[in-house]
Amino acid sequence: MIEMYIVEITDNGKNVASFWGKDFRKCVEQFEIAKIFDGKTIYEAESEITVLFG
C-alpha cells in the first residue's frame, strides 16, 4: 500500500490531506479530485499556485 501526504507548511506543520491507495495511481486520482485548495481541485486552482523547490 502506498500512502501519500499533502502537507501545508506552517509553524505547526498542519496536515491538509492524506491519500491512501493500493498503488500510486490511486493516490494521484484521489488528489486530482480533492477540493483542498480553498474548495477547488488542483486543476481549478492551478493558476494561483506557486511551486518552490530547494
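Two residues are in contact when their heavy atoms lie within 4.5 Å. By that criterion, residues 24 or more positions apart account for 7% of the contacts in the protein with a separation of 6 or more.

Before selecting anything, keep in mind that this is a predicted model, in which local features need pLDDT of at least 70 and side-chain atom pairs count only at pLDDT 80 or more, while totals for chains, interfaces and linings use all residues. Residues are numbered from 1 along each chain as its sequence is written, and side-chain values use heavy atoms, with hydrogens and water left out.

Start with a cartoon view of the whole chain, where the order along the sequence is β-β-α-α, giving 2 helices and 2 strands; these are DSSP runs numbered from the N terminus, with helices being H or I runs of at least four residues and strands E runs of at least two. Of the 54 residues in the protein, 22% are buried, where buried means under 20% relative accessible area, exposed over 50%, and partly exposed in between, with a 1.4 Å probe and protein chains only.

Next, select M4, A17, F19, C27, F31, A34 and I42, the 7 residues of the largest nonpolar core, a core being a set of buried Ala, Val, Leu, Ile, Met, Phe, Trp, Tyr and Cys residues joined through side-chain atoms within 4.5 Å. Strand β2 (15-21) and helix α1 (24-33) each supply at least two residues of this core. In soluble globular proteins, nonpolar side chains tend to be buried together.

Now centre the view on C27, which lies in helix α1 and counts as buried because its relative accessibility is 0%. Its C-alpha atom is separated by 6.5 Å from that of M4, although the two are 23 residues apart along the chain. Leaving out residues up to four places away in sequence, C27 touches I2, M4, F19, W20 and G21.

Move on to T41, in the loop between α1 and α2 (42-45). T41 counts as buried because its relative accessibility is 11%, and beyond its neighbours within four places in sequence it is in contact with E32, I33, A34 and K35.

Finish on the outside by selecting Y5, which lies in strand β1 (residues 2-7) and counts as partly exposed because its relative accessibility is 44%. Adding M1 and W20 to the selection shows a nonpolar patch on the surface, formed by these two residues together with Y5.

Methods:
Patch = residues over 30% accessible without salt bridge, like charges linked within 9 Å, V, L, I, M, F, W, Y side chains within 5 Å. Areas by Shrake-Rupley, 256 points an atom, 1.4 Å probe, with all protein chains shown as cover. Salt bridge = Lys/Arg side-chain N within 4 Å of Asp/Glu carboxyl O.
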